[in-house]
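I opened this notebook to keep track of what I looked up, one topic per entry. The structure goes in first, and my notes follow.

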Amino acid sequence: MEPISFQTNPSKYRHWRIEKEGQVFRVFMQVDPEHPLRDGYDLKLNSYDLGVDIELADIVRRLRFEHPEIATLVISSGHSQVFCAGANINMLGSSTHAWKVNFCKFTNETRCELEDWAAQADVRTLCAITGPCAGGGYELALACDEIWLVDDGNSAVSLPETPLLGVLPGTGGLTRLVDKRKMRRDRADVFCTVAEGFKGKRALRWGAVDAISPKSKFWDSVGERIEKLVSERSGRAGRKGISLGPIPVVIDDDERRYSSLTVTYQREQRIAELTVKVPAHASSPSSSEEIHALGDDFWPLRFARELEDAILDLRVNHPGTGLVLLRSEGNLDDLIAWDQILLDCRGDWLIDQTIELLCHVFQRLERSSCSFFALIEEGSCFGGSLLELAFTCDRIYILDKEGVEIARNPFNEGLLPMTSGITRSACRLIGEPELEESLQGDFDRKNAIAAEEAGLVTEALDEIDFEDTVRISVEERASLSPDSLTGMEANLRFTGPENLKSKIFGRLSAWQNWIFIRPNATGPNGALTLYGKPERPQFEWDRV
Amino acid sequence: MGNVDLNARIPNNVGLADDKRLLKALEHWLPLYMEWWNDMGPAGFQTKDIYLRTAISVEAGGWANFDYVQMPDYRWGIFLTPPGEDRTIGFGDHVGKPVWQEIPGEYRGNLRRIIVTQADTEPASVEQQRFLGSTAPSLYDMRNLFQVNVEEGRHLWAMVYLLFRFFGKDGRDEAEELLSRRSGDEDKPRILNAFNQPCDHWLSFFSFTHFTDRDGKFQLASLAESGFEPMARTCDFMLTEEVHHLFVGETGLDRIIRRSAELTMETDGDPKKVGGIPLDMIQRSINYWFSYSLDLFGGEISSNAANFFGEGLKGRFKEKNRYEDHVMKEGVKIVPNVRDNRIHDEEVPYRNAMNEVLRDEYIADCDRALRKWNRTLEKTGIENRLTLPSRRFKRHQGIYADNDFNLEGELISKEEMEANVTEWLLNDEDNHYLTSIMKQVVEPGKMANWIAPPARGINSQPIDFEYVRL
């Protein structure tokens, strides 16, 4: 099959219409039914597939960097009859398990990024619902700060997956409903079993929406609300965004070369090598003005975008790859200097958003169903932000040799939190709080032994052991059950407390992916298999 | 209302006297219904004596009692056709099992949806027609209008009975909603769009009762096949009344067509000179109401339709008598669909095409009436003939709604549609003219100039009988 590309831009959108007026950005969902990402289904009634969501992700990303003056984002429907029918059922029914999982993960990452960006950039997001809004459509609404529903006797919000499809409601499970909106669990229980959902007053009374308004006054009421939200955020009106150009990538057989990193696939071994190249500090800008002038060519931003593209490509187009070996090439001083520019210019929206993007991309890596080993060798430059990238890995091997060093900096102390909201340092050292405490503010360079003592790496190995140990670990890893590893890694990576976001992915992985392979959903008589077909599902009644 | 003997007030064969829950629900609902009837029922005629037919029992002759009645005193009864001999589910996945007397929990949502959608149409049409009494072309027609209105009111009762009896609190909420929606209201419109269209003159009234009420005939008939027996029997009884509504529409249009042909010939082709209705205007009314009514059958390719059939809730027209295979798990129906800007035949699993199967029956019935009208035209000696537009023409719902088609069903551009729309559909100018010629005629036996008299009166009364005492 043609590999999926995650790159797009507004001139190519098929499924969304965007409008900017002053500080208000409007997004209209208007799915072109005849252009699904893969053949075999029509995207009727504003239902969506990965292709639709790739465009939405692009919209959110461009909002981050191209439209910093925005105060309010309004999401509504460009379809005359519905808001959104949710994920396309025929697409789900006809796709492989892996595809469904990746689809759900990506759509949730998009919704999480929307939420994260809105919170960080202090943008109020408002979803204005006209017409039925079901399943993943309601999940999109739930990702907004406010949900407005027209009270016309027809428009409704619903999570009909249980009664209609036999799968878990919402692309993100039910976490947003009960943990974010805090709908009472017994009411949520009723809500999720009523296929047609709630309309008007009941939706409001039970907390499924924030406001309702009759049709004749709906857009006026929403307009007044938008005006108020904008007036509270007028200070940023003068900001000028940068433009995000296409990400240049050279693809040679098994190699994917970006300006800041290279991914080499060794298909037979089921591994990939991802090597980050840090440029010399001499070429770096020294003020935020210079960074703005560089725009998307500013190395940290370029690196974040390229790394993300590489991760998405790995997930969707290279499912056979089970292990990624992460390396870095460059000078540790240069890396620390690049980090310092970011630290010095914090408070400038562009720099803040660049750091947020790094954070988002590192989290994406951590949520990938693939093993990651970081290898710290001669010529590596794992300091600060890059050291944090190494911390996302399942193991870190460092070569015990003169000159091989790592260094912490403020990037390791809360600027790049994990999905679960805590630092990777706190997560790693959950059983050694004194050690974690003692590391705070310790930005000294550390050789392999010191790094091992400080709990920053898995093992320090001398030259004699390093090569052998790494080779054997890699071969062993590549031979283990990929399903077991995915489960094992997801359990180990997120040690410590949870938050809304980690619950979304945790619950989704555990439950939705399980339900997706159960006969009651995807067996020959399963509800998902038979949806839209003349036969009706037959369930296996035993609870598992 | 506690003092009123509801059992006496509401003729019924559902054991109302002994059903405390139902009585309680009706006690609450009846005043709300009367308030709605007074607000939204026929305007200006509530205290007049009208020669109406009232159903007081389901026995032969019991459902057609004629007498003078003031509409608010009309006895809105609750009747179910007596059960037939075969009391097994007639189609779908449960075929052959005993019919349901209570609602199966798993189908509660779908049944409620079916019932509420059907119920919503009943008060809607009363609202659409509420001012027509003041422009009635004769006392005979005025009486027919009111007969249709009170029976639509009774049909609402029949559906509300199902909601009260079988759906508990949800049912009571839905019943109140039925009285709070309003035809054409921007904020609280009726559920189906044809029931939000203005019906402000008698050409629209007859077209509506012919085309739109005819959808009701096919919907009720397919619900009368249902495995949920109370609904089947309710709908079956409603059909006996629906026949008269269709008669009013079909003969009303026939009388206009006859008169228009005569006036066209008398005036050398311009019946407007004498306050008549041009035949092309009638054609536009047919196009308008036929296309809106086709929407009522639902999507051409529909998983709901497949579910309703598979679950044994909604069958085909005359399912028991006309079909041999009542399961229809296999098989396809060819449905022309648009892709890449051209029409091509698509194979749809038969069950998913159930709406289209019912629409076929409806179109065939409309065709039959059309042939009749054309015979009327032929008899007058005029050469003009009327036609039915393609089922793809000017649809607002379903797979054809996103494209434009001409009357023959060929794909055309948006521009071509816009250029022709006033030629093809009843337009503002038509409506303005039609409203201007419609003046109330109250002398018994007299007819407005734009319509021919009926062949005979109601209940063997003469045409000049005083059907309404003004």
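Entry 1, a loop in chain B. I began with Asn341(B), which sits in the loop between strand S3 (332–339) and strand S4 (342–349) of chain B. This is a predicted model, and I read the backbone angles as such. The phi of Asn341(B) comes out near 65°, a positive value although the residue is not glycine. I noted this because most residues other than glycine have a negative phi. Is Asn341(B) buried or exposed? I count Asn341(B) as exposed because it has 8 C-beta neighbours inside 10 Å, and the cut-off for exposed is 12 or fewer.

Entry 2, another loop in chain B. I looked up Ser460(B), which lies in the loop between helix H12 (428–437) and strand S7 (468–469) of chain B. Its phi is near 60°, again positive in a residue other than glycine. I then checked the surroundings: Ser460(B) has 8 C-beta neighbours inside 10 Å and therefore counts as exposed.

Entry 3, confidence. Before going further I looked at the scores. Chain B has a mean pLDDT of 94, and 99% of its residues reach 70 or more. I keep in mind that predicted coordinates should not be read in detail where pLDDT is low. For the complex, the predictor gives an ipTM of 0.80 and a pTM of 0.88.

Entry 4, contact between the chains. How many residues does each chain give to the contact? I find 14 residues from chain A and 17 residues from chain B. On the side of chain A that touches chain B, I list six charged, five nonpolar and three polar residues.

Entry 5, domains of chain A. The domain assignment splits chain A into domain 1 (10–236) and domain 2 (254–493). I have their C-alpha centres at 33 Å apart. The contact between them takes 10 residues from domain 1 of chain A and 10 residues from domain 2 of chain A.

Entry 6, the domain 1 side of that contact. Which elements give two or more residues to the side of domain 1 of chain A that touches domain 2 of chain A? I find helix H1 (50–66) and helix H3 (97–121) of chain A. The largest share of this side comes from H3(A), with seven residues. By class, I record five charged, three nonpolar and two polar residues on the side of domain 1 of chain A that touches domain 2 of chain A.

Conventions: Residues are numbered from 1 along each chain as its sequence is written. Chains are lettered from A and ligands numbered from 1 in the order in which they are written. This is a predicted model: local features need pLDDT of at least 70, side-chain atom pairs count only at pLDDT 80 or more; totals for chains, interfaces and linings use all residues. Two residues are in contact if their C-beta atoms, placed from the backbone, lie within 7 Å. Ala, Val, Leu, Ile, Met, Phe, Trp, Tyr, Cys and Pro count as nonpolar, Asp, Glu, Lys and Arg as charged, and the others, Gly among them, as polar. pLDDT is the predictor's confidence in each residue, from 0 to 100. Helices (H or I, at least four residues) and strands (E, at least two) are DSSP runs, numbered from the N terminus. A residue is buried if 20 or more other C-beta atoms lie within 10 Å of its own, exposed if 12 or fewer, and partly exposed in between; C-beta atoms are placed from the backbone. Domain bounds come from an automatic or database domain assignment.
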